[in-house]
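Work through the exercises below with the sequence and the model open. Each task is followed by a stepwise solution.

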Amino acid sequence: MVDRSGAAAAKVRGARRAQVRLPPLVPWEDGARLEPDGDYDGLEFGGADLGGQEGAGARFMDCALVACGLDGTALRRARFLDSTLTGIRGVGTDLSEATLRDVEVTDARLGGVQLHGGVLERVVVRGGKIDYLNLRTARLKDVVFDGCVLVEPDFGGARLERVEFPGCVLKGADLTGVTMTDVDLRGAAELGIARGVDRLGGAVISPPQLFDLAPAFAAQLGVRVVG
């Protein structure tokens, strides 16, 4: 959806941002390890190296993960509720089919994160850089990517509702099969779409972005532009 008269912009519903207020937290026991289906409530994981650990199905409620290492950490179907993840880092973290609800992710440095089939609701991803984020068939509702860099994110088959990208850099995004409702791309600092430009129905972009995407739209329609 392209804003031509200003009326269209008024109809775009903004995302409801997560507002996480953590209670006093108990430090995570040094040297302890995650457990499958573990239940973690009111804990602060400060600088913990959780790389290679198995926490599939675990529940994190009112938790703070600060500067934690997540290389190869298995968190399939984990649930993060009313929690903050700050300065986390890792490659190949498995969060497939995980649930993130009322979560703030700040200054993450991640690569190859598997979040396919996941559910993200009232999530803010602020700053940082995530390479090759896999969000295929995920459901995103009230999600804000704020000032972060997403390199080749894969949204294939995902459903996006009230999702915003203020100040975000999107490089080589795959939108194949995406369904969008009230997705606001106008604030993106860079909007690079590798595939699926035909799936932008339900999104709003700015006139300069329309100009930048013109070659992709022409290619999608099979139009050759010859000088």
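**Exercise 1.** In which sense do strand S9 and strand S11 pair, and over how many bridges?

Solution. The coordinates come from a predicted model.
Step 1: Locate strand S9 at residues 109-111 and strand S11 at residues 129-131.
Step 2: The two strands pair in the parallel sense, over three bridges.
Step 3: For one position in this pairing, take Gly-111, which stands opposite Asp-131 in S11.

**Exercise 2.** Place S9 and S11 in their sheet. What is the strand order, and which strands lie at the edges?

Solution.
Step 1: Six strands make up an open sheet, and their order is S7-S9-S11-S13-S15-S17.
Step 2: The pairing in this sheet is parallel.
Step 3: Strand S7 (89-91) and strand S17 (190-195) are the edge strands, since each pairs on one side only.
Step 4: On average, neighbouring strands of the sheet are turned by 10° against each other, direction ignored.

**Exercise 3.** Which residues stand opposite each other where S6 pairs with strand S4, strand S5 and strand S8?

Solution.
Step 1: Strand S4 (residues 59-61) pairs with strand S6 (residues 79-86) in the parallel sense over three bridges. Met-61 has Leu-81 in S6 as its bridge partner.
Step 2: Strand S5 (residues 64-66) also pairs with S6 in the parallel sense, over three bridges. Here Leu-65 has Leu-85 in S6 as its bridge partner.
Step 3: S6 pairs with strand S8 (residues 99-106) in the parallel sense over seven bridges. Thr-84 stands opposite Glu-104 in S8.

Conventions: Residues numbered from 1 in each chain as written. Predicted model: local features only at pLDDT ≥ 70, side-chain atom pairs only at ≥ 80, totals over all residues. Heavy atoms only, no water. Pairing = 2+ DSSP bridges. Helix = DSSP H or I, 4+ residues; strand = E, 2+ residues; numbered from the N terminus. Axes fitted to C-alpha atoms, helices over the stretch in contact; angles between N-to-C directions.
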